[in-house]
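Colleague: I'd like to learn how to read the sheets, the core and the domains of a model like this one. Could you walk me through them?

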Amino acid sequence: MKNFFEWSKDGESTNIFRYKGNDYQIVRKSFDNNFRVDIFENGVSVICDNTGNKSFAPRMKDIPLDEKILNWARNIIKRRVRKCPKCGGIGLVKKVGKYAREELGDYSEVCEKCRIDSYRKKAEKERVERDKCHEQERKIYEAKPPIIIGGFAEKIAAYKILKELDIPEVEKDGELEEFVWAKGILKANDGSYYPVVFLIDTSVKINVKILNISN
Ligand SMILES: [Zn+2]
């Protein structure tokens, strides 16, 4: 186990070390006076940490950072490379996070391959759900197409329609934090007016000319 890894001359990565049938390598990148350190397993980053974090704790204070990183990686690999309870393959196993719990609920830990598989499955499931939802909406709109109200010669006609709408002038969106809904009037390039309800992204700084309704 000793001399598992050694830094290359530029100090940015180590040799590739074969362990229990997999290839491991450490790569580090300078980041805010610290390093972002990745452990790669067969070319895929499976663990990422920052040398400013607790994992590089004071108990290792007297050792140079170069050495500390190698110790840290060696310990993780020694502790965590084992048989994956899901697929039975040998690899670095990690706790099942919240996002994957639905797919991997029966396991407390899995290897990277199983984790990625579960993310793919979940994304696919979500895509199917979304498509179903869009299809339903399409059918509704086809049966009853939306009518565009507008083309008024006078702005006041558009304003009257907005006033009748039982919604606030401006309202925060329920899900999208930075978005607000606002009533407004669009002026088309033929000079006619349309009442509209805008969804505005307030994180984007643009110059909006607010027209007074009574102008
Ligand atoms: Zn697995």
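Modeller: Sure, let's start with a helix on a sheet. Helix 1 lies across strand 1, strand 2, strand 3 and strand 4, and runs at about 145 degrees to strand 2. Helices (H or I, at least four residues) and strands (E, at least two) are DSSP runs numbered from the N terminus. Angles go from 0 to 180 degrees between N-to-C directions, with axes fitted to C-alpha atoms, for helices over the stretch in contact. Contact here means that C-beta atoms, placed from the backbone, lie within 7 Å.

Colleague: Before we go on, what kind of model is it, and how are residues numbered?

Modeller: It's a predicted model: local features need pLDDT of at least 70, side-chain atom pairs count only at pLDDT 80 or more, and totals for chains, interfaces and linings use all residues. Residues are numbered from 1 along each chain as its sequence is written.

Colleague: Okay, in what order do the four strands of the open sheet come?

Modeller: Generally, strands of a sheet pair through backbone hydrogen bonds, either parallel or antiparallel. Here the order is 1-2-3-4, with antiparallel pairing; two strands pair if DSSP finds at least two bridges between them. Strand 1 (17-19) and strand 4 are at the edges with a single partner strand each, so one side of each has no neighbour in the sheet. The twist averages 30 degrees from one strand to the next.

Colleague: How many bridges join strand 2 to strand 3?

Modeller: Eight, and the two run antiparallel; Arg28 sits opposite Val37 in strand 3. Strand 3 and strand 4 are antiparallel too, over six bridges, and Asp38 has Cys48 in strand 4 as its bridge partner. That pair makes a hairpin with two residues between the strands, and Asn42 in the turn has a positive phi of about 50 degrees.

Colleague: Which strands form the edges of the 5-6-7 sheet?

Modeller: Strand 5 and strand 7, as each pairs on one side only. This open sheet has three strands with antiparallel pairing, and its twist averages 60 degrees from one strand to the next. Three bridges join strand 5 to strand 6, and Arg82 stands opposite Gly91 in strand 6. Helix 3 (residues 112-143) lies across strand 6 and strand 7, at about 95 degrees to strand 7.

Colleague: And the core: which residues have the most contacts inside the largest one?

Modeller: The general idea is that in soluble globular proteins, nonpolar side chains tend to be buried together. A nonpolar core is a set of buried Ala, Val, Leu, Ile, Met, Phe, Trp, Tyr and Cys residues joined through C-beta atoms within 7 Å. Buried means 20 or more other C-beta atoms within 10 Å, exposed 12 or fewer, and partly exposed in between, with C-beta atoms placed from the backbone. The largest core has 21 residues, and Ile69, Ala73, Val110 and Cys111 have the most contacts inside it. Helix 1 gives the largest share, five residues.

Colleague: Why does this core lie between domain 1 and domain 2?

Modeller: Because domain 1 (1-82) and domain 2 (84-146) both give residues to it. Domain bounds like these come from an automatic or database domain assignment. The two domain centres, taken over C-alpha atoms, are 31 Å apart, and the contact takes 10 residues from domain 1 and five residues from domain 2.

Notes
Contact = placed C-beta atoms within 7 Å.
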